[in-house]
Amino acid sequence: MTTSFADERLHEAMARIRRFLDHDQPDTPCLVIDLPTVRDRFAAIRSALPRVGIFYAVKANPTPDVVGLLAAEGSSFDVASPAEIDLCLERGAAPEAISYSNPIKKARDIAYAFSRGVRLFVSDSEQDVRTLAEHAPGASVLLRILVNSKGSTYPFGKKFGCSPEMATDLLRLAAELGLVPLGVAFHAGSQQLDPNGWDGAIADAAEIIGKLRAEGLSPTTVNLGGGLPAGYLTQPPPLAEYAAAITASIARHFGALSGGFAPEVMIEPGRAVVAESGVIRSEVVLVSRKSYSDERRWVFLDIGRYGGLAETEGEAIAYPLVTSRDGVLLPGGQVGPVVLAGPTCDADDVLYQNTCYELPLDLRAGDHVDLLGAGAYTASYSSVAFNGFPPLATHCVR
Ligand SMILES: *Cc1c(COP(=O)(O)O)cnc(C)c1O
């Protein structure tokens with residue numbers, strides 16, 4: 001069997017993380033981010049989509065060192081709040097490299113962003129377009145459309161975006177109000193497992209942009225949002241398939257416009273940049289059984305749904321697990337089925353009861369369970385002090 005370049009890189013990353021954990025013995029639970037992996041993933045996306053502007057979605061992992069590294073690598077940023085704007089600017093991003101992509105924003109937050117030099121906003125409503133015109137005069141605006149996010153593990157549903165017809169009208173309105181009607185944005189759903197999952201929305205974007213250009217406006221840009229996937233227990237198709245599908249879809253739909261037109265393209269990856277860089281180290285608090293006849297043990301970890309594992313809701317994301325007993329199994333390497341749960345007194349704080357996890361039969365309190373691929377949507381989701389448990393600490397290795 002040959003090991004791929006990527007496997008080898010991940011192997012080195014795991015070795016760096018293990019060295020840190022063995023040497024520093026940080027309190028658990030904690031998240032360890034391997035910064036070279038973040039750099040690698042960003043470089044892989046950039047080389048797969050060379051003519052696309054990459055705006056890292058800060059919410060996936062707002063660790064200042066991650067944001068600083070990406071700014072130094074030339075990434076732009078998708079932010080959702082004044083605090084995320086401040087973070088990016090403090091860590092070296094230029095205001096022109098920031099897109100305020102949250103359609104739900106207060107007038108004073110728009111004014112703040114504008115005062116800090118942000119000039120690119122995403123909107124999906126008449127109220128927000130009017131507020132932008134008032135508090136961010138002359139700024140560029142992308143209108144977000146509703147999409148069918150079939151194929152996504154985390155569809156965005158109907159909360160964001162408006163119909164293509166309304167988006168077209170709102171871009172006209174933006175122009176009337178002195179804003180720059182830059183183009184169309186969407187989000188095809190997070191952890192999008194279908195490389196063609198962007199196609200329908202790209203078709204809608206091309207139609208809107210074509211229509212407005214025919215009227216004499218000059219929208220230029222399509223923002224593909226997030227959705228690029230990461231590997232968990234199951235592996236998604238390779239990045240190259242996504243790049244090929246997206247590139248072909250843009251060429252087909254925009255090429256079909258009268259006169260043909262090559263748009264400016266933005267993408268806002270979050271998960272795909274940081275997920276594979278992170279390992280959460282947790283500790284087993286309790287192993288128990290619910291009855292003498294029940295074969296499945298319950299394994300309670302010191303991290304759960306409220307400590308950063310929010311994406312286990314519905315067992316949507318299934319992290320690969322490695323325990324400190326994996327190398328030292330009982331004779332015959334005996335493992336057995338478990339239910340995994342968190343440490344809080346909330347009945348919903350159960351991680352996996354349907355996903356089949358088998359852990360060593362001799363697993364006991366004090367052992368470590370490492371969750372792999374945990375760099376995205378973990379620390380940023382952890383609660384401040386539910387039941388008195390502190391938020392998930394993040395450490396970076398370089
Ligand atoms: C969360 C978010 C992203 C990132 O999504 P991923 O699936 O993590 O890539 C991108 N754009 C917007 C507007 C978002 O809200």
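**View 1. The pocket that holds the ligand.** In this predicted model, the ligand sits in the second largest pocket, where sitting in a pocket requires more than half of the molecule's atoms to lie within 2 Å of the pocket's grid points. A pocket is an open set of points on a 1 Å grid over the protein atoms alone, with protein on both sides within 12 Å along at least five of seven lines. Local features need pLDDT of at least 70 and side-chain atom pairs pLDDT 80 or more, whereas totals for chains, interfaces and linings use all residues. Residues are numbered from 1 along each chain as its sequence is written, and side-chain values use heavy atoms, without hydrogens or water.

**View 2. The shell around the ligand.** The ligand is surrounded by 13 residues, the closest being K59, S190, E268, R271 and Y377, each counted if one of its heavy atoms lies within 4 Å of the ligand. By class, this shell comprises 3 nonpolar, 5 polar and 5 charged residues, with Asp, Glu, Lys and Arg counted as charged and Gly among the polar ones.

**View 3. Polar contacts of the ligand.** In these contacts, pairs of N or O atoms within 3.5 Å, a nitrogen atom of the ligand lies 2.7 Å from a side-chain N or O atom of E268, and a polar side-chain atom of D78 is 3.1 Å from a nitrogen atom of the ligand. A polar backbone atom of R271 is 2.9 Å from an oxygen atom of the ligand. Taken alone, the ligand exposes 390 Å², of which the protein buries 92%, by the Shrake-Rupley method with a 1.4 Å probe.

Notes:
A polar contact is a pair of N or O atoms within 3.5 Å; within protein, one must be able to donate a hydrogen and the other to accept it, and residues adjacent in sequence count only if both atoms are side-chain atoms. On a 1 Å grid over the protein atoms alone, a cavity is a set of points where a 1.4 Å probe fits but cannot get out, and a pocket is an open set with protein on both sides within 12 Å along at least five of seven lines; lining residues have an atom within 4 Å of a point.
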